[in-house]
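Visitor: I've got a new model open here. Can you walk me through the strands and a few odd residues?
Guide: Sure, let's take a look together.

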Amino acid sequence: MFVVRLFFLVLFLGKQCHCLNVTNHGSDVDKLKEIVQQLSASLQNMQAEQARKDVIYRSEIDQLRNDTTNLKAKLHSRSHDAIAFTARLSHDVNLAVGQTVVFDKTQLNLGNAYHDTYGHFSAPIAGLYQFALTLLNNGNDSYFVLVRNGNEELAGLYSRHDFVPASAVVVVQLEASDVVFVKATNVGANLDEPFYCLFSGYLIQ
């Protein structure tokens with residue numbers, strides 16, 4: 001567009017110069033100076049307008065580049081910071097009231113948020129999490145709760161004495177450093193069949 005405008009200005013100047021009276025040099029020189037001044041002013045206006053547009057274009061391009069970089073960073077973070085775990089029992093257990101069920105056989109632990117020494121899941125970041133729990137007793141009525149930070153009950157489970165398993169799935173909003181685990185709530189609670197006793201969870205978003 002800039003080149004087209006410049007072309008028409010030059011064409012206009014050529015026509016004006018062709019119309020000059022060669023016998024009246026003083027008047028023609030004045031007219032020529034006026035035309036040149038007009039052309040110069042028009043050229044400066046076009047250059048200023050083009051410079052303004054260039055600034056806008058560069059700003060838009062920089063913004064697109066920043067948006068692309070941020071999106072790539074978020075995708076990279078999501079793909080490399082997955083948080084998920086699955087753990088089970090490696091042996092039968094008998095539990096006292098309030099005792100934590102330690103699922104000591106870790107099968108998956110992305111993000112290292114589950115601690116198989118204590119049976120605790122510690123949320124590394126705030127977010128929406130899902131937890132799933134399946135328990136099977138070995139002959140006694142057994143009651144359990146899934147708790148947050150030791151006192152807030154998220155789900156309760158009852159496994160009957162005739163080897164009936166209990167399961168629960170819960171979705172909960174956690175803050176960073178919140179701790180989730182399972183504990184027994186009755187005397188004589190016990191668990192059997194390690195492969196039927198599973199605790200798992202993952203970060204949804």
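Guide: First a term: helices (H or I, at least four residues) and strands (E, at least two) are DSSP runs, numbered from the N terminus. Two strands pair if DSSP finds at least two bridges between them. This is a predicted model, where local features need pLDDT of at least 70 and side-chain atom pairs count only at pLDDT 80 or more, while totals for chains, interfaces and linings use all residues. Residues are numbered from 1 along each chain as its sequence is written, and side-chain values use heavy atoms, leaving out hydrogens and water.

Visitor: OK. What's the strand order in the open sheet with strand 12 in it?
Guide: That sheet has five strands in the order 3-1-12-6-9, and the pairing is antiparallel.

Visitor: Which strands stand at its edges?
Guide: Strand 3 (105-110) and strand 9 (166-174). Each has a single partner strand, so one side of each lacks a neighbour in the sheet. From one strand to the next, the twist averages 10°; axes here are lines fitted to C-alpha atoms, for helices over the stretch in contact, and angles run from 0 to 180 degrees between N-to-C directions.

Visitor: How many bridges hold strand 1 to strand 3?
Guide: Five, with strand 1 (residues 84-88) running antiparallel to strand 3. Arg88, for instance, has Lys105 in strand 3 as its bridge partner.

Visitor: And at the other edge, how many bridges between strand 6 and strand 9?
Guide: Nine, again antiparallel, with strand 6 covering residues 127-135. Gln130 stands opposite Val171 of strand 9.

Visitor: Which side chains of strand 9 are buried?
Guide: Ala166, Ala168, Val170, Val172 and Leu174 are buried and point to one face. Ser167, Val169, Val171 and Gln173 point to the other face and are not buried. Buried means under 20% relative accessible area, exposed means over 50%, and partly exposed is in between (1.4 Å probe, protein chains only). In a regular strand, side chains alternate between the two faces of the sheet.

Visitor: New topic. What's the order in the open sheet that includes strand 10?
Guide: Five strands, 4-5-10-7-8, with antiparallel pairing. Strand 4 (114-115) and strand 8 (152-159) are the edge strands, each pairing on one side only. Inside that order, strand 7 (residues 142-148) runs antiparallel to strand 10 (residues 179-184), joined by five bridges. Val147 has Phe181 in strand 10 as its bridge partner.

Visitor: Now the odd ones. What's phi at Asn112?
Guide: Near 55°, which is positive in a residue other than glycine. Asn112 sits in the loop between strand 3 and strand 4 and, at 58% relative accessibility, counts as exposed.

Visitor: And what's phi at Asn149?
Guide: Also positive, near 55°. Asn149 is in the loop between strand 7 and strand 8, and its 41% relative accessibility makes it partly exposed.

Visitor: What about Asn190, buried or exposed?
Guide: Asn190 counts as buried, because its relative accessibility is 1%. It belongs to strand 11 (residues 189-191). Beyond residues up to four places away in sequence, Asn190 touches several residues, including Val93, Leu136, Gly139 and Phe144; contact means heavy atoms within 4.5 Å.

Visitor: Last one: where's Tyr57?
Guide: In helix 2 (residues 25-80). Tyr57 counts as partly exposed, at 45% relative accessibility.
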